[in-house]
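Visitor: Please give me a close look at the aromatic side chains. Start with the rings, then show me the setting around them.

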Amino acid sequence: MGLILSKIAVVFSMAGIGLGANKLGVLPTESNKYLISLLLNIATPCLLITSIAGKELTGDTVRVTVVTMTGAILFFLLAMIAGYGAAVVLKVPKEDRGVYISIINMVNNGFMGFPITQASFGDDALYLMVLCNIILCIWTYTAGFFQINIGTGGFDRHTLRRNLKSMVNPCAVASFLGIFLLFTQIRLPSFLFSLLESVGQISIPLSMIVVGVQLGQSNLRKVMVNRKLLAASLFKLIAVPAMTLLVVYWLPIPSMCKLVLTFSACFPSAVNMVAVASLENRNATLASEGVALTTILSMVSLPIWIILLSALFGMQ
């Protein structure tokens, strides 16, 4: 347990460094777009390729791949239903129901998920989190457009077709390349693998520093006064992972699948949800406030979930 707590403290302290650097002007707000570009276009793709391609292909690998991707699909579907129920209970305006549903069921299991998962549970868990993120990307740019419009009756099919190209990005390409190398058992030259591995190792500190800089831009006082948004955020970060755990814990599937499917549900709202809301002319301001609030609250909830899941599934 001491080792787990040490890892958590180190990873989340990196976000504190980013927050402090932003407040002191060392990393001003405008620097974040360059840090994000470095993270998403170079560092994270390298991390994904080496983490996936470096695995050994076995029958168990194939099994957990199928189980995890199936479980991720079911999660987004059931979380959408749960989100709709929460929106009705909270009596949010009909035109904002889709935004609240998206805040609840679209998780940042890539940008934050990859480095925190690797740091907390290792490369095997990271591989499964990559699979969850692939399903998230597909959901975002297909069902996500329908979802954001729930309660309004509006939907722009031309926008959907135009923005499916957003699924083709360096992280997605790296994920599929890594899976291709894994299942074909093609090995990269040792020099290239070492180079990619070294570059990929900056993903964990860089991503958490970026989160810290983003938090430095957030107006916590403004978003905290929205009681419905606060209730939805707590429902997302506490109730949704708890319900996911209750469902998967009793299933006859590998423990690592149970852990990752639950942990994927623990992350704050995905940033790309804001883009979908904007493209569909929904309440993008509310969506961005949901991302900010869930991210801030996850600084408390994620360490608790990491400790709980480590204890439940015997992770050291």
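Guide: What follows starts with the rings and then moves out to the surface, the whole chain and the loops.

This is a predicted model, in which local features need pLDDT of at least 70, side-chain atom pairs count only at pLDDT 80 or more, and totals for chains, interfaces and linings use all residues. Residues are numbered from 1 along each chain as its sequence is written, and side-chain values use heavy atoms, leaving out hydrogens and water.

Rings first. The structure holds six aromatic pairs. The rings of F75 and F76 make an edge-to-face pair, because their centres are 5.2 Å apart and their planes stand at 70 degrees. The terms work like this: rings of Phe, Tyr and Trp (its six-membered ring) pair if their centres lie within 6.5 Å, and planes under 30 degrees apart are stacked, over 60 edge-to-face, the rest tilted. W139 belongs here too: ring pairs link F75, F76 and W139 into a cluster.

How covered are these two Phe residues? F75 is buried, at 11% relative accessible area. F76 is buried as well, at 1%. Here buried means under 20% relative accessible area, exposed means over 50%, and partly exposed lies in between (1.4 Å probe, protein chains only).

Now look at Y249. K258 lies over the face of its ring, at 5.7 Å from the ring centre. That label requires NZ of Lys or CZ of Arg within 6 Å of the ring centre and within 35 degrees of the ring normal.

Y249 has a second role in this picture. Together with L246, W250, L308 and L312, Y249 makes a nonpolar surface patch of about 540 Å². Patch residues have over 30% relative accessible area and no salt bridge; like charges are joined within 9 Å, nonpolar side chains (Val, Leu, Ile, Met, Phe, Trp, Tyr) within 5 Å. A salt bridge is a side-chain nitrogen of Lys or Arg within 4 Å of a carboxyl oxygen of Asp or Glu. Accessible areas come from the Shrake-Rupley method with a 1.4 Å probe, and for residues only the protein chains shown count as cover.

Take one patch member, L246. L246 is exposed, with a relative accessible area of 59%. L246 sits in helix 13, residues 227-248. Another aromatic residue, F235, lies in helix 13. F235 counts as partly exposed, at 23% relative accessibility. Its C-alpha is 13 Å from that of V88, with their positions 147 residues apart along the chain.

Step back to the whole chain. The chain has 16 helices and zero strands. Its radius of gyration is 19 Å, close to the 20 Å that the globule rule gives for 316 residues, so the chain is as compact as a globular protein of that length. Helices (H or I, at least four residues) and strands (E, at least two) are DSSP runs, numbered from the N terminus. The radius is taken over C-alpha atoms, and the rule is 2.2 Å times the number of residues to the power 0.38. Along the principal axes, the C-alpha atoms fill a box of roughly 55 × 50 × 45 Å. Of the 316 residues, 52% are buried.

V130 is an example of a buried residue, at 1% relative accessible area. V130 sits in helix 6, residues 123-140. From V130 to C171 is 9.5 Å between C-alpha atoms, and 41 residues along the chain.

Finally, the loops. K91 lies between helix 3 (59-89) and helix 4 (97-105). K91 is exposed, at 68%. Its phi is positive, about 55 degrees, although K91 is not a glycine. Q185 also has a positive phi, near 55 degrees, and is a residue other than glycine. Q185 falls in the loop between helix 9 (170-184) and helix 10 (190-200). At 33% relative accessibility, Q185 is partly exposed. Most residues other than glycine have a negative phi.

Two more loop residues finish the tour. I202 lies between helix 10 and helix 11 (203-217). I202 is partly exposed, at 34%. I202 and N22 are 180 residues apart in sequence and 19 Å apart in space, C-alpha to C-alpha. N226 lies between helix 12 (220-224) and helix 13. N226 is partly exposed, at 25%. N226 and M208 are 18 residues apart in sequence, with their C-alpha atoms 26 Å apart.
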